[in-house]
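Please look through the sequence and the model that follow, and then read on for a guided walk through some of their features.

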Amino acid sequence: MAVWALSNAWPIDLYQAETATRSEYAFGNNWSDLFLNPSWAAGVALVVAVVAIRFSGGNRAAPVVVAVVGLAVLSVVSVPTGLAPTTTGVAAGLLLSFAVSAAGSERSCLTALVLGAASADFARREVDARLGSPRDWSISLEGNSATTLVPIAVLVLVGVVILATSKWLPPLPARPPLSRSAAAPIAAVVIWGVYVSFGDSASSSGQWVAAVAATVVVVAVVALRSGADGRFLCAGLAVAATAVNDVIWSGWWLAPLALVGIAAGFVMARRIPSTVAGCCILAAVSVSGLLWDNPVSTIAYAAVLPAAAAYSFLSTPVSDRSVMTLGILLSVMVAVLGFSALGRRPSGVLMWVTGEPIELPEAGTVIAASSGAITLAALTCVTAALVSFVIGRRTARAV
């Protein structure tokens, strides 16, 4: 639910807000642009989750309370459009703190957490295709409130499950050292700062490449400092890189295909776990965007991507809850690849509308970024694989 809500958190006309030099509503290239993007929403969620986990203080009731508060914020709190990403980030962070605390170090619970996060975007796309996207509020229209980002019925169901399973929560571990738990929030702040400084939709090609490089370096440094848990961050970075291309999610067959892929990734992780191999497969998924008008790219993004994402995450046991949270949120947080990628930005050229019918892309069509952006995304996945390999060698040497 947290990843689902964050994926729908930004205003529908964010491109215009980031690129306009003048705006009647004072949003174009203004300080307020800094707090409207997915990177900010995910960063807020991470900070809130880490703080909530740290101050739970071994109290088993605390994660349940904060989760219920998070659901309430998502379902009933009405806020101005400009504050919607921030409010959603707070709510998502409260939900994540419960999910990560409930997962603990149990392999089965961690599997459930990863599978839920891996399927969140596909579930969101499927529901949006059937019921309409909730991201219908606009900065320029000065809407007073945002619609519910997740259907109320789903939020109620999640609330019932949280309350019903609260008595089976595992014992909360002791607080980790502050120096260790602070690394993830610092990384989130830096990633957001890089994006809004020189990686958003108004950036030039050179600035965008520099922003991607800086983001990769930040994640790699945190991963190398996190010991064996760092491979989980490598998986998250590689999954985030595949968002350089998008897919039209409107066919009835896409959701079953994604579920089959996730199940296949789960089985592969149980039999032959390898984060390095998973990141390399994700690199191939990114490269498939070069064949955007070919069924190969559709299969890659509809089936191989869910399988490779689940495989990469589940191949890596992780114990640090802040690292776990950061790894899950990277797919939303790295907006420099998932939102402002070169080749996917609106051209800004006005097109005359004629009486001719507009041909819409078919279901499963991949909306590709530029060849340079796709190459950089693939290199990001390869870098994640190399960092994961180095961490694995360090871990084996220590053992």
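Is A264 buried, partly exposed or exposed? In this predicted model, A264 has a relative accessible area of 33%, and because buried means under 20% and exposed means over 50%, A264 counts as partly exposed. The residue sits in helix α12, which covers residues 254–271, and its C-alpha atom is separated by 9.4 Å from that of A303, although A264 and A303 are 39 residues apart along the chain.

Helix α12 also leads us to an enclosed space in the model. There is one cavity of 30 Å³ or more, and the largest cavity holds about 30 Å³ of space. Its lining is made by R107, T111, F266, A269, R270 and L314, and the elements that give two or more residues to this lining are α6 and α12. The largest share, three residues, comes from α12, while by class the lining has three nonpolar, one polar and two charged residues.

From the cavity we can follow helix α6, which runs over residues 107–131 and contains both R124 and D121. These two residues form a salt bridge, in which the closest N and O atoms are 2.7 Å apart, and the structure holds one salt bridge in total. R124 and D121 lie three residues apart, about one turn of the helix, and the general rule is helpful here: an α-helix has 3.6 residues a turn, so residues three or four places apart point the same way. The two partners differ in their exposure, for R124 counts as buried at 11% relative accessibility, whereas D121, with a relative accessible area of 24%, is partly exposed.

The next stop is helix α17, residues 371–398, where a simple check of length can be made. At 1.5 Å a residue, its 28 residues should span 40 Å, and since its end C-alpha atoms are 41 Å apart, the two values agree. Among the buried residues of α17 are I374, L376, C381, V387 and I391, and the buried residues of this helix pack against α10, α11, α13 and α16.

One of those partners, α10, has 21 residues and reaches 31 Å from its first C-alpha to its last, close to the 30 Å expected at 1.5 Å a residue. Its buried residues include W208, V212, T215 and V222, and the buried residues of α10 pack against α9, α11, α15, α16 and α17. Just after α10, the chain reaches G227, which takes a positive phi of about 70°.

Definitions and conventions
Residues numbered from 1 in each chain as written. Predicted model: local features only at pLDDT ≥ 70, side-chain atom pairs only at ≥ 80, totals over all residues. Heavy atoms only, no water. Helix = DSSP H or I, 4+ residues; strand = E, 2+ residues; numbered from the N terminus. Expected span 1.5 Å × (residues − 1). Buried < 20%, exposed > 50% of the residue type's maximum accessible area, 1.4 Å probe, protein only. Contact = heavy atoms within 4.5 Å. Salt bridge = Lys/Arg side-chain N within 4 Å of Asp/Glu carboxyl O. 1 Å grid on protein atoms, 1.4 Å probe; cavity = no way out; pocket = protein on both sides within 12 Å on 5 of 7 lines; lining within 4 Å. Points joined across faces, edges and corners; volume = space filled by probe spheres on them. Nonpolar A, V, L, I, M, F, W, Y, C, P; charged D, E, K, R; others polar.
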